[in-house]
Amino acid sequence: MSELSCDIGIGGMTCASCVARVERAIGKLTDVKDVSVNLATESARVTWKSPESGALNAQEQQARLRRAVRDAGYEPLAPEHLEQAPAGAWSGFGPVAVGLLLSAPLVLPMLGDALGKHWMLPALWQFLLATPVQFILGARFYKAGWHALLAGSGNMDLLVAIGTSAGWLLSMWLWLTAADGHMVHLYFEGSAVVITLVLLGKWLEARAKRQTTDAIRALHALRPEKARVITADGEVEIPIEELLVGDRMLVLPGERFAADGVVLEGQTQVDEAMLTGEPLPVPKSVGARITGGSINGEGRVLVTVSATGTSTVLSNIIRLVEDAQAAKAPIQRLVDQVSAVFVPVVLVLALITLLAWWFTGHSLEVSLIHSVAVLVIACPCALGLATPAAIMAGTGVAAKHGVLIKDAQALEIAHKVDTVAFDKTGTLTVGQPRLISLTSVNLQNVPSSDSDDQLLMLAASLQSGSEHPLAHAVVQAAKTQSLQFVVPDDVKAVPGFGSEGHVQGRHLLLGSLRWMDSLNVPDGPWQAQAASMQADGATVSILAERSHAGVNPLAVLAFGDEPKPGVQAALKLLRQRGLRLVMISGDNKGAAQAMAARLGLQPDEVFAEVLPGDKAALVKSLQAHSTDAPHVVAFVGDGINDAPALAAADVGLAMANLNADGRRGGTDVAMQAAGITLMRGDVALVAGALEISARTVAKIRQNLFWAFAYNAAGIPLAAMGYLSPVVAGAAMALSSVSVMTNALLLKRWKP
């Protein structure tokens with residue numbers, strides 16, 4: 001059995017109770033493993049337990065999913081409905097405008113009473129103005145409320161429908177039973193104004209929702225519709241859906257790159273701000289990697305397409321942001337449990353209010369009005385929006401600044417982090433070490449039979465197929481000296497130690513001192529040389545040859561790396577936040593401590609000679625190292641060998657470094673294991689990721705507090721008769737808008 005997931009848009013949801021009802025309806029389908037409905041995005045993420053199957057099975061599942069949504073009383077929509085261009089500022093305001101026009105004459109007498117004037121409209125006019133609002137503009141509440149009843153649950157629409165219908169029916173009864181010529185006070189205005197205010201609140205809420213999805217729409221807008229391709233027939237413009245890997249794509253100044261690729265001809269500056277948050281253009285020349293969606297600068301370049309469609313970096317970014325916005329934070333599960341029983345409890349409270357006022361000697365008219373006020377003010381709109389609105393705004397603004405949050409759980413946990421562990425190479429350092437020196441080894445005072453150039457050629461040949469940063473440094477040094485290296489045979493990597501293989505019939509090994517010690521390499525003056533280089537902060541590797549007599553050293557290679565620009569200031573900022581900092585390195589202690597000193601780290605904050613497979617175990621030991629409670633540990637890494645540690649940490653942060661030639665190396669693997677991806681190799685983004693987590697969680701808590709506090713205060717006030725249905729309707733509409741507005745304040749955040 002395998003799993004597959006799909007998204008579906010859902011129209012017509014209004015509150016947290018709707019979310020629970022849709023989840024129950026979809027959850028009843030066969031083979032559904034998990035379903036998460038998001039009120040703010042108006043969508044559902046469904047995970048199926050499904051055998052390997054073809055498109056027909058997937059199509060059948062989609063059909064069943066759409067039918068389940070429709071049977072629950074909601075409208076199934078294409079998941080792309082959020083990607084569409086936002087509607088105009090006044091889109092959808094028509095019904096609200098009609099409601100305001102029809103309700104205004106009903107409200108004027110209330111204002112007149114405050115001024116000592118009697119502007120009461122005749123009962124017939126009140127009926128003619130209020131009835132279209134009640135049954136035409138309010139039809140959506142009856143329809144959705146009826147579906148909720150059929151499903152054995154309740155929602156906001158049901159509360160509004162019952163409450164306003166009670167007010168309208170009471171007015172009809174008072175009007176029809178009044179003595180001839182006797183002017184009675186009717187409550188048509190209450191029902192009409194409540195419906196109008198709820199519609200107004202929903203319109204304002206929809207406008208705010210569109211702003212929370214700006215990040216997704218902006219990312220989709222980065223993809224141009226056409227690409228200019230060079231073919232045998234000359235220059236041809238084609239839709240980007242028809243681009244193939246290997247196509248030669250011509251990009252003029254100011255145009256967006258339609259797909260990922262490698263520069264074949266020309267040089268330019270590329271604006272990658274929307275993808276990485278990096279404000280400065282990045283120079284690109286022949287051989288450099290290009291990311292689709294970035295903007296070409298002043299140069300005309302020819303690019304070979306390397307990835308299209310869903311395989312591009314931009315598509316991966318969009319998928320990560322969509323996944324984060326579709327997911328539920330752990331705190332939302334508690335809210336869902338509360339909302340599942342909220343509406344039935346409110347209906348009981350409204351009935352108790354009605355009976356309490358009636359049995360204490362008040363008229364049925366007064367009792368019913370207070371009961372209606374309870375129904376209206378208790379609508380759980382804000383409750384359902386509190387968490388997803390904040391998560392959408394937080395993940396959206398984070399993506400804009402180069403922080404991709406993969407899941408809501410990472411977002412919720414990150415602000416609790418008290419320990420940050422860094423991989424050294426490529427994370428704290430540039431990750432592009434250079435070969436400082438190559439010194440041949442003389443055994444028993446016998447000069448080496450190989451020249452330094454010959455030894456460098458052998459080392460470069462052995463390392464020519466490796467992705468390791470030190471291997472790149474060896475190959476680059478050989479290229480600089482124009483050495484011609486050969487294709488090695490039987491090359492294999494020895495994780496954590498080095499690599500070995502055959503070059504020109506010689507069995508060569510290139511790796512760490514620790515590896516050489518385990519192989520019983522003969523002692524000699526070369527060991528003192530290596531120790532001296534390590535003390536100076538260099539990373540040392542040994543080139544050795546295996547023969548029938550054993551393993552003999554041939555050369556000592558010393559590598560140097562540099563700290564990333566601004567890394568010391570970034571670490572200082574993290575330390576000022578009260579965080580414990582740790583550096584994990586596979587280097588020897590001397591090299592690791594020397595680099596730590598340059599970075600401003602203390603000796604006890606360095607763990608050296610850590611094998612790749614041991615990083616995850618070290619992260620777990622950091623989590624457990626506490627007398628009170630476990631530490632919350634974040635791990636920051638950038639390579640394939642960091643993936644286990646990223647997964648083991650409470651929060652994994654993958655750093656999307658680009659190599660000198662623009663390649664992403666092992667970053668893609670790290671991104672899959674991490675909960676958060678930093679789209680550029682800037683350590684300062686670590687503090688930014690932790691800060692946006694804290695800001696977002698603060699907004700969630702503020703929203704939930706106000707949503708609960710609003711109901712906790714409003715329901716008793718309405719039950720005691722201090723709030724009219726009109727005031728209750730205005731307060732209810734305001735609560736939803738205030739929650740959305742508070743969440744949107746996150747859009748002002750900058751790292």
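How many nonpolar, polar and charged residues are in the lining of the second largest cavity? By class that lining has five nonpolar, five polar and no charged residues, where Ala, Val, Leu, Ile, Met, Phe, Trp, Tyr, Cys and Pro count as nonpolar, Asp, Glu, Lys and Arg as charged, and the others, Gly among them, as polar.

Before I go on, a word about the source: this is a predicted model, in which local features need pLDDT of at least 70 and side-chain atom pairs count only at pLDDT 80 or more, while totals for chains, interfaces and linings use all residues. Residues are numbered from 1 along each chain as its sequence is written, and side-chain values use heavy atoms, with hydrogens and water left out.

Let me begin with the cavities. A cavity here is a set of points, on a 1 Å grid over the protein atoms alone, where a 1.4 Å probe fits but cannot get out, and lining residues have an atom within 4 Å of a point. The structure holds three cavities of 30 Å³ or more, and the second largest contains about 40 Å³ of space, a volume being the space filled by probe spheres set on the grid points, which are joined across faces, edges and corners. Its lining consists of G163, T164, G167, Y187, G190, S191, V194, I369, V372 and P725. Helix 6 (156-177), helix 7 (188-212) and helix 12 (364-377) each supply at least two residues of that lining; helices are DSSP runs (H or I, at least four residues), numbered from the N terminus.

From P725 we can move to helix 26, which spans residues 725-744. The axes of helix 12 and helix 26 come within 8 Å and cross at roughly 5°, axes being lines fitted to C-alpha atoms over the stretch in contact, with angles running from 0 to 180 degrees between N-to-C directions. That makes helix 12 roughly parallel to helix 26, the term for angles under 35 degrees, whereas those over 145 count as roughly antiparallel. I369, V372, A373, V376 and I377 of helix 12 meet P725, A728, G729, A731 and M732 of helix 26, contact meaning heavy atoms within 4.5 Å. Of the residues in this contact, nine are nonpolar, one is polar and none is charged.

Helix 26 also packs with helix 13 (residues 381-400), at an angle of about 15° and with the axes 8 Å apart, and the two helices are therefore roughly parallel to each other. Their crossing is right-handed, that is, the near helix is turned clockwise from the far one by less than a right angle. Helix 13 brings C381, A382, L385, A386, A389, A390 and A393 to the contact, and helix 26 brings M732, S735, S736, V739, M740 and A743. That contact has eleven nonpolar, two polar and no charged residues.

In the segment after helix 26 we find P751. Its C-alpha atom is separated by 7.1 Å from that of L685, 66 residues apart along the chain. Leaving aside its neighbours within four places in sequence, P751 is in contact with H401 and G688.

Finally, I return to helix 6, whose axis comes within 11 Å of that of helix 4 (residues 123-137), crossing at roughly 155°, and these two helices are therefore roughly antiparallel to each other. In helix 6, T164, S165, W168, M172 and W175 meet A123, L124, F127, T131, Q134 and F135 of helix 4.

Conventions:
1 Å grid on protein atoms, 1.4 Å probe; cavity = no way out; pocket = protein on both sides within 12 Å on 5 of 7 lines; lining within 4 Å. Parallel < 35°, antiparallel > 145°, perpendicular 65-115°, else oblique.
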